[in-house]
Amino acid sequence: MCAAVARALPEMPLKRYRNLVLLRGGDRSFHPTFFSGLGRQEPTWDLHISYFGKSSPFVNEGVACSCTHDGGSGKFESIHDLVDRRKLDLSGYDYIAFPDDDLIITGPQWNALFDIARRYDLEVAGVSLNPFGYWEFPHMLSQPGLLLRFTNHIEPFALIFRRDVFEKVFPYFKMKGIAWGIEHIVGHIRSHDRAVAIIDAVDVFHTRMQRTGELYGGVKRVDEVFLAETQDLLKSLGLTPQTPKVSGAIDRRGRDVPPADVYRLLRPFLRGMRKWRTLTKVTTLAIMQEGQVLMRAPYPVSYRHAKIRPTLS
């Protein structure tokens with residue numbers, strides 16, 4: 001078991017693997033969980049932290065990653081500046097993930113996400129959410145029995161782009177309204193109905209309530225401001241908002257599931273989750289302290305206050 005420490009890191013991705021996790025992270029980032037659970041398993045991805053915190057990011061000893069200090073502007077705008085101004089070299093990567101810093105994702109989960117994206121040649125992939133964390137769109141919740149669902153809409157808390165598709169959407173990253181607009185743009189740029197998918201086989205914990213992160217910068221009436229910016233962006237691009245739709249799925253045995261069967265399977269689950277949510281008051285879910293994750297409500301009782309220390313190699 002290795003302790004998380006703050007140390008000097010290189011500024012350019014190490015290019016050991018064909019996948020890259022490019023994280024915008026602050027002082028409360030959960031990135032130390034990214035290398036937990038690997039044991040003897042090797043990660044199949046590099047990690048680059050675009051850091052906007054006041055100190056230095058905690059990185060477990062023995063973990064190789066890169067880091068730049070990029071201030072506190074929005075997630076996608078900062079990534080555009082990082083790649084464009086700092087000339088962050090992304091060549092050589094097949095897939096690039098852009099997670100938020102409030103997600104608990106383990107090393108084996110990252111390996112599985114990239115493996116599934118590559119196996120099905122996905123242009124864009126999204127991570128499904130564990131229902132005990134914070135969530136907004138019911139279709140982003142992990143669905144029992146399914147490996148993935150093909151869709152036109154993915155909430156952008158952890159988008160995974162195939163690099164050629166990332167190069168197409170990259171110019172949009174600097175535009176006002178991209179924070180919410182990207183989920184609609186993805187639906188328009190997909191080349192076919194099975195190009196974009198939510199991966200149900202991997203569900204992650206979203207630890208903070210939506211629109212409360214540090215990058216929102218104390219914006220008042222966030223919903224009104226961001227919705228107006230998104231509408232202006234889509235209008236300027238001549239695009240329409242995407243209503244979430246499922247165009248098929250793959251089950252855990254690798255079998256095709258037609259859209260009608262997907263909806264028939266999921267309808268009771270989604271109805272139950274909406275009811276559960278109205279009856280549950282969500283409070284602080286988890287905090288990160290020097291590489292430790294302290295779990296709190298609304299997890300089941302057996303999870304509450306359980307300390308998880310990432311075991312990193």
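This passage goes through the overall make-up of a predicted model, then two of its helices, a buried strand residue and some of its salt bridges.

Starting with the big picture, the protein contains 6 helices and 16 strands. Of its 313 residues, 51% are buried. The accessible surface adds up to about 14400 Å², and carbon and sulfur atoms account for 53% of that. Contacts were also sorted by how far they reach along the chain: among those between residues at least 6 apart in sequence, 78% join residues at least 24 apart.

Helix 1 is a good place to look at burial up close. The helix spans residues 75–84, and 7 of its 10 residues are buried, so it is largely enclosed by the rest of the structure. The buried set is made up of Lys-75, Phe-76, Ser-78, Ile-79, His-80, Leu-82 and Val-83. As for what covers them, these residues pack against four strands and a helix, namely strand 2 (19–25), strand 3 (46–51), strand 5 (66–69), strand 6 (95–99) and helix 4 (178–189).

Two of those packing partners deserve a look of their own. Helix 4 is itself mostly covered, with 9 of its 12 residues buried. Those residues are Ile-178, Trp-180, Gly-181, Ile-182, Glu-183, His-184, Ile-185, Val-186 and Gly-187. Strand 3, for its part, includes Asp-46. With a relative accessibility of just 2%, Asp-46 counts as buried, because the cut-off for that label is under 20%. Setting aside neighbours within four places in sequence, Asp-46 touches Leu-14, Lys-15, Arg-16, Tyr-17, Asn-19, Leu-20, Val-21 and Tyr-93.

Next come the charged pairs. Side chains of opposite charge can pair when their charged atoms come close. Across the whole structure, 16 salt bridges turn up. One of them joins Asp-94 to Arg-18, with 3.0 Å between the closest N and O atoms. Asp-94 sits in the loop between helix 1 and strand 6, while Arg-18 sits in the loop between strand 1 (4–6) and strand 2, so the pair ties together parts that are 76 residues apart in sequence. Both ends are partly exposed: Asp-94 has a relative accessibility of 25%, and Arg-18 comes in at 47%. The pair isn't on its own, either, since Arg-18, Asp-94 and Arg-118 are linked in a network of salt bridges.

A second salt bridge runs between Arg-149 and Asp-200, whose closest N and O atoms are 2.7 Å apart. This pair also links distant parts of the chain, with Arg-149 in strand 9 (residues 146–151) and Asp-200 in strand 11 (residues 196–206), 51 residues apart. Here, both Arg-149 and Asp-200 are buried.

A third salt bridge brings in helix 5. Glu-229 pairs with Lys-176, and their closest N and O atoms are 4.0 Å apart. Glu-229 belongs to helix 5 (residues 222–237) and Lys-176 to the loop between helix 3 (163–169) and helix 4, so the pair ties together parts that are 53 residues apart in sequence. Lys-176 is exposed, its relative accessible area being 63%.

Put side by side, the three pairs sit in a range of settings: Arg-149 and Asp-200 are buried, Asp-94 is partly exposed, as is Arg-18, and Lys-176 is exposed.

Terms used
Residues are numbered from 1 along each chain as its sequence is written. This is a predicted model: local features need pLDDT of at least 70, side-chain atom pairs count only at pLDDT 80 or more; totals for chains, interfaces and linings use all residues. Side-chain values use heavy atoms; hydrogens and water are left out. Buried means under 20% relative accessible area, exposed over 50%, partly exposed in between (1.4 Å probe, protein chains only). Helices (H or I, at least four residues) and strands (E, at least two) are DSSP runs, numbered from the N terminus. Contact means heavy atoms within 4.5 Å. Accessible areas come from the Shrake-Rupley method with a 1.4 Å probe; for residues, only the protein chains shown count as cover. A salt bridge is a side-chain nitrogen of Lys or Arg within 4 Å of a carboxyl oxygen of Asp or Glu.
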